[in-house]
Amino acid sequence: MLFVLLSAIFCASNSKAEIEVVISGASESVSSFRRAGVEYFSLSELTALYGERLSWDIPGVSVEYRTGNNRMRFFIESQYLTLNDSVRNLIYPAELRDGALFLPAETFVPIINQARTERFLWDSNRRRLYVQSGAFNITNLLVSKKANGLLIEIQLTEELDFEVTESEGNWINFNIPNGLVNRSLIESRRTAREIRDINAFQFDHSAQVSIRLRKKPHAYNAKYNPETGKIQLAIRNPNYKPKDKPPHAGQIGPDNTVDLIVIDAGHGGADNGAIGRRYTKEKDISLKISLELAKLIRKDKLFRVILTRDKDVYVPLEERARIANEAHADLFISIHMNASVNKHARGSQVFFLAPAKTDASRALAQAENASFLTHKNEIELDSNDDLAIIVNDMIQNSYEEVSADLSTIVQSEFDRTLGIPSRGVDQAGFVVLNQVYMPSALIEVAFVSNSKEEQLLRSKSFRKKVAKSIYTALKRFKRKYEKK
Ligand SMILES: [Zn+2]
């Protein structure tokens, strides 16, 4: 049974003291009393200002306060309380007076700051409680475990300077001038085994977020990613070696010949990719073009070819990369169809792997990546995000230039032969390219969402033209790079 604690039965004659509560500049007051130099205030009245109320958990024994997703329990005459599942110490006991719950301001304010989104600040000299709402610019902390280490991300709402320091006991500290940190959320984040503690501190003109690791970090780096608005701390696992990393990063093939081509027909199986207005499925067109291209390659015997799929099956991204890496392929060509909500969008476009420079290419990469992500049970998520990109950067950079060149050659063949608009070469963070350790390109042949281009993609002669253009581009690429 629950009883609402009555906060309003104070007699006017009862000459109770009050503290001032300044909520976003507006002044309110809340009953208080002082005992042995400790200022207590009525939480019942404070929560009433927010339209919230306290209730008995066990009548006469414990009081419950639910706010947002947090739940506090206070025990009458006890200095202990629980915040969700953790025990906190008020130092001074919670008091019940006239049916209202009173708490010691000095020691309770840091605790309520962990439960509510506002920031509470107790000024003991003025006996004033300041409450600021919605002012956080350090809003969250995310920890994710990767095959090659640990990624810790601090979410900001605006770009802030920060300084990283290490301190005794394996602490890594982010000192963030002008930071207003959502301590409650950050300190309650679920973490990884490698992390012992996460603390957040709010100071007058700065904030600090501290992460305590179980072991001294071997190597880490921190940087602000303007695309995601996150400070990223990548802690490398020193024992990790990418198993598919070829011995000759940056070269064209192990023997400096362009010989083995992996053709990756995008999507497949349950993953349809984009679908046109006439129900043309991206997965079917990408497979048909890939098979056509493989046929051309096999006829000439100028190259060898491997297909990541040759039928309508779902192949996880990791598997696609593994096939190419284990074969020590020289080039990786991923074939896709584009789509847009704008049905007038049309044209061909070739991408290489690098951080997206425009919103449009970022959106496209997200759309292509999303179809992989829907199969995340089957996919090693390590490849899907920023740490993979951070760590793979070094390896990928050595291919970026060659990949850009490959993409340019393919695009120029398209421009010459396909008779559809050229959208040019661009760069984006495609997951599928991120784990292949060789020059690569992702081709968006045409828009399945544009009725004219959907029509073309359905025609065998157009698909043959596409395959032939890519093949010509491969030959051009081979001539250019084998000369070097
Ligand atoms: Zn696609």
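Which residue in β12 is the bridge partner of aspartate 123? The views below, taken from a predicted model, give the answer and then move on through the protein.

**View 1. Strands β11 and β12 meet in a hairpin.**
The bridge partner of aspartate 123 in β12 is arginine 128. The two strands pair in the antiparallel sense, over 5 bridges. Between β11 and β12 lie 4 residues. Look for arginine 127 in the turn: its phi is positive, about 55 degrees. Strand β12 covers residues 128-132. One face of β12 is covered, with Leu129 and Val131. The other face is uncovered and carries Arg128, Tyr130 and Gln132.

**View 2. Strand β12 also pairs with strand β1.**
Strand β1 takes in residues 17-23. β1 and β12 run parallel, joined by 4 bridges. Find glutamate 20: its bridge partner in β12 is arginine 128. Arginine 128 is also the partner of aspartate 123.

**View 3. An open sheet is built from 7 strands.**
The order across the sheet is β9-β10-β3-β2-β1-β12-β11. Its pairing is mixed. The edge strands are β9 (95-97) and β11 (119-123), each pairing on one side only. On average, neighbouring strands here are turned by 35 degrees against each other, direction ignored. Strands of a sheet pair through backbone hydrogen bonds, either parallel or antiparallel.

**View 4. Strands β2 and β3 pair in the antiparallel sense.**
Strand β2 spans residues 26-35, and strand β3 spans residues 38-42. The pair is held over 4 bridges. Arginine 34 stands opposite glutamate 39 in β3.

**View 5. Another open sheet has 5 strands.**
The strands follow the order β4-β5-β6-β7-β8. Here the pairing is antiparallel. β4 (55-58) and β8 (86-89) are the edge strands, and each pairs on one side only. Neighbouring strands are turned by 30 degrees against each other on average, direction ignored. Strand β5 (residues 62-67) pairs with β4 over 3 bridges. Serine 55 stands opposite glutamate 64 in β5.

**View 6. Helix α4 has the span expected of its residues.**
How far apart are the end C-alpha atoms of helix α4? They are 28 Å apart. The helix has 19 residues (282-300), which at 1.5 Å a residue should span 27 Å, so the two values agree. Among the buried residues of α4 are Ile285, Leu287, Ile289, Leu293 and Ile297. Charged names occur in that buried list too, including Glu282, Lys283 and Asp284. Just after α4, lysine 301 takes a positive phi of about 60 degrees.

**View 7. The largest nonpolar core has 63 residues.**
The residues with the most contacts inside this core are Ile333, Val410, Phe430, Ala441 and Ile470. Helix α10 (residues 460-483) gives the largest share, 9 residues. Now pick out valine 410. Leaving aside neighbours within four places in sequence, valine 410 is in contact with Val350, Ala441, Ile443, Ile470 and Ala473. A second, separate core has 26 residues, including Leu54, Tyr65, Ala94 and Phe120. In soluble globular proteins, nonpolar side chains tend to be buried together.

**View 8. Confidence varies along the protein.**
The mean pLDDT is 83, and 85% of the residues reach 70 or more. Which element has the lowest mean pLDDT, and which the highest? Helix α6 (residues 359-373) has the lowest, 69, and helix α9 (residues 451-457) the highest, 97. Over residues 243-250, pLDDT stays under 50. The model has 14 contacts beyond four places in sequence for residues 243-250. Residues 372-395 also have pLDDT below 50. Beyond near neighbours in sequence, the stretch 372-395 has 44 contacts in the model. Where pLDDT is low, the predicted coordinates should not be read in detail.

**View 9. The whole protein has 10 helices and 26 strands.**
Step back from the close-ups. Of the 484 residues, 40% count as buried. Consider the contacts with a separation of 6 or more: residues 24 or more positions apart account for 65% of them.

Technical notes: Residues are numbered from 1 along each chain as its sequence is written. This is a predicted model: local features need pLDDT of at least 70, side-chain atom pairs count only at pLDDT 80 or more; totals for chains, interfaces and linings use all residues. Two strands pair if DSSP finds at least two bridges between them. Axes are lines fitted to C-alpha atoms, for helices over the stretch in contact, and angles run from 0 to 180 degrees between N-to-C directions. A residue is buried if 20 or more other C-beta atoms lie within 10 Å of its own, exposed if 12 or fewer, and partly exposed in between; C-beta atoms are placed from the backbone. Two residues are in contact if their C-beta atoms, placed from the backbone, lie within 7 Å. pLDDT is the predictor's confidence in each residue, from 0 to 100. A nonpolar core is a set of buried Ala, Val, Leu, Ile, Met, Phe, Trp, Tyr and Cys residues joined through C-beta atoms within 7 Å. The expected span of a helix is 1.5 Å times one less than its number of residues.
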